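Dear colleague,

I am handing over the structure we spoke about, and my notes on what I found in it follow below. Please read them alongside the sequence and the coordinates, and tell me where you would read something otherwise.

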Amino acid sequence: AMPDSGLVNVSEVVWSGPENRGIYLGSPSIVQCPGGPLLASHDFFGPAIGPNKLARIFSSSDSGATWKLVGQVAPMYWATLFVRDGDAAVYIFGTTNDGNPAPTQIVIARSLDCGATWQPSVLTNSTKSYSTGPTPILHHNGRLWRAFEHNTGPGWGSGYSAVVISAPDTASDLLDPTTWMLSGELAFSAVRPLVPAAWSDPAILSNFGWLESNAVAPAAPGDAGINVVLRVNSLPAANKAALLY
């Protein structure tokens with residue numbers, strides 16, 4: 001884990017694009033390269049961004065005071081950087097695109113030179129699309145866990161099923177798809193009858209659902225399982241979440 005630096009303000013603008021061009025930065029992530037500099041990543045989104053998604057990688061050797069662009073990885077979207085004990089590599093974990101065009105797959109990439117070059121590996125082969133956000137990778141009970149949503153449809157959010165992919169924390173090759181295991185899925189439609197009707201008014205919101213799931217460790221000591229927290233997209237109710245365990 002990276003210690004708290006006490007940083008309270010943005011130290012440097014690392015990228016600034018022309019205004020009103022339909023290009024935005026998203027999916028921020030940060031990690032420390034084993035024995036090396038800080039790395040930060042982001043992707044691009046917006047109406048001016050095409051279907052070929054990528055993440056840019058920035059490096060800082062002065063605890064975040066200054067940054068420089070050192071590399072990029074594609075395909076990669078909605079991604080999170082992570083490292084693991086005893087491994088000199090840095091990894092980034094996300095999806096191949098945003099669902100357009102479908103299908104979108106789960107993808108991981110590895111860098112052996114602190115972010116300069118990357119080797120990607122697609123882990124799934126679904127006829128449907130996966131979705132996520134730049135949510136953390138959980139290290140728990142000897143495994144790596146990452147939560148996604150499987151868009152089994154119909155509808156953004158409303159057609160999503162929660163799913164978790166995991167691998168042994170000591171696996172020799174995290175780029176090998178056979179190392180990873182997908183959990184069973186839970187569709188939002190299956191729990192929709194349990195949600196208070198007042199949370200969402202179909203007259204003002206057609207895509208009532210869940211997304212951007214997080215894998216989190218359970219509160220009970222010794223519990224080998226995990227919990228999943230998802231953002232609930234609802235109106236007029238706001239700031240709602242779903243907890244799966």
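**The first sheet**

Four strands make up an open sheet in the order E1-E2-E3-E4, and their pairing is antiparallel. Its edges are formed by E1 and by strand E4 (68-73), each of which pairs on one side only, and neighbouring strands of this sheet are turned against each other by 25° on average, direction ignored. Please bear in mind throughout that this is a predicted model.

Within this sheet, E1 and E2 are joined in the antiparallel sense over seven bridges. Two of the pairs can be named here: Tyr-24 has Phe-45 in E2 as its bridge partner, and Ser-29 stands opposite Ser-41, also in E2. The hairpin of E1 and E2 has five residues between the strands, and in this hairpin Gly-35 takes a positive phi near 70°. On the other side of the pairing, E2 runs antiparallel to strand E3 (residues 55-60), with six bridges joining the two; here Leu-39 has Ser-59 in E3 as its bridge partner. As to burial, seven of the eight residues of E2 are buried, so this strand is largely enclosed by the rest of the structure.

**The second sheet**

A further open sheet of four strands has the order E5-E6-E7-E8, again with antiparallel pairing. Strand E5 (77-82) and E8 are its edge strands, each pairing on one side only, and the average turn between neighbouring strands of this sheet is 20°, direction ignored. Strand E6 (residues 90-95) pairs with E7 in the antiparallel sense over six bridges, and Ile-92 is found opposite Ala-109 in E7.

Strand E7 (residues 106-111) also holds Arg-110, a residue that I looked at in some detail. Is Arg-110 buried or exposed? Its relative accessible area is 18%, and because the cut-off for a buried residue is under 20%, Arg-110 counts as buried. The side chain of Arg-110 is joined to that of Asp-173 by a polar contact of 3.2 Å. Leaving aside residues up to four places away in sequence, Arg-110 touches Ala-89, Val-90, Tyr-91, Thr-117, Trp-118, Gln-119, Asp-173 and Leu-175, so that Asp-173 appears both as a polar partner and in the list of contacts.

The loop between E6 and E7 contains Thr-104, which counts as buried at 0% relative accessibility. Beyond residues up to four places away in sequence, Thr-104 touches Thr-95, Thr-96, Asn-97, Asp-98, Gly-99, Lys-128, Ser-129 and Tyr-130. Thr-104 and Asn-151 are 47 residues apart in sequence, while their C-alpha atoms are 9.4 Å apart in space.

**The disulfide**

How many disulfides does a search of the whole structure find? The search finds one, formed by Cys-33 and Cys-114, whose sulfur atoms are 1.9 Å apart. Cys-33 lies in the loop between strand E1 (24-32) and strand E2 (38-45), and Cys-114 lies in the loop between E7 and strand E8 (119-122), so the pair ties together parts that are 81 residues apart in sequence. The torsion about the S-S bond of Cys-33 and Cys-114 is about -80°, which means that the disulfide is left-handed. As for accessibility, Cys-33 counts as buried at 2%, whereas Cys-114, at 24%, counts as partly exposed.

**Confidence in the model**

The mean pLDDT of the protein is 90, and 92% of its residues reach 70 or more. Residues 1-8, however, have a pLDDT below 50, and in the model this stretch has three contacts beyond near neighbours in sequence. Where pLDDT is low, the predicted coordinates should not be read in detail.

With best wishes

Terms used. Residues are numbered from 1 along each chain as its sequence is written. This is a predicted model: local features need pLDDT of at least 70, side-chain atom pairs count only at pLDDT 80 or more; totals for chains, interfaces and linings use all residues. Side-chain values use heavy atoms; hydrogens and water are left out. Buried means under 20% relative accessible area, exposed over 50%, partly exposed in between (1.4 Å probe, protein chains only). A polar contact is a pair of N or O atoms within 3.5 Å; within protein, one must be able to donate a hydrogen and the other to accept it, and residues adjacent in sequence count only if both atoms are side-chain atoms. Contact means heavy atoms within 4.5 Å. A disulfide is a pair of cysteine sulfur atoms within 2.5 Å. Two strands pair if DSSP finds at least two bridges between them. Axes are lines fitted to C-alpha atoms, for helices over the stretch in contact, and angles run from 0 to 180 degrees between N-to-C directions. pLDDT is the predictor's confidence in each residue, from 0 to 100.
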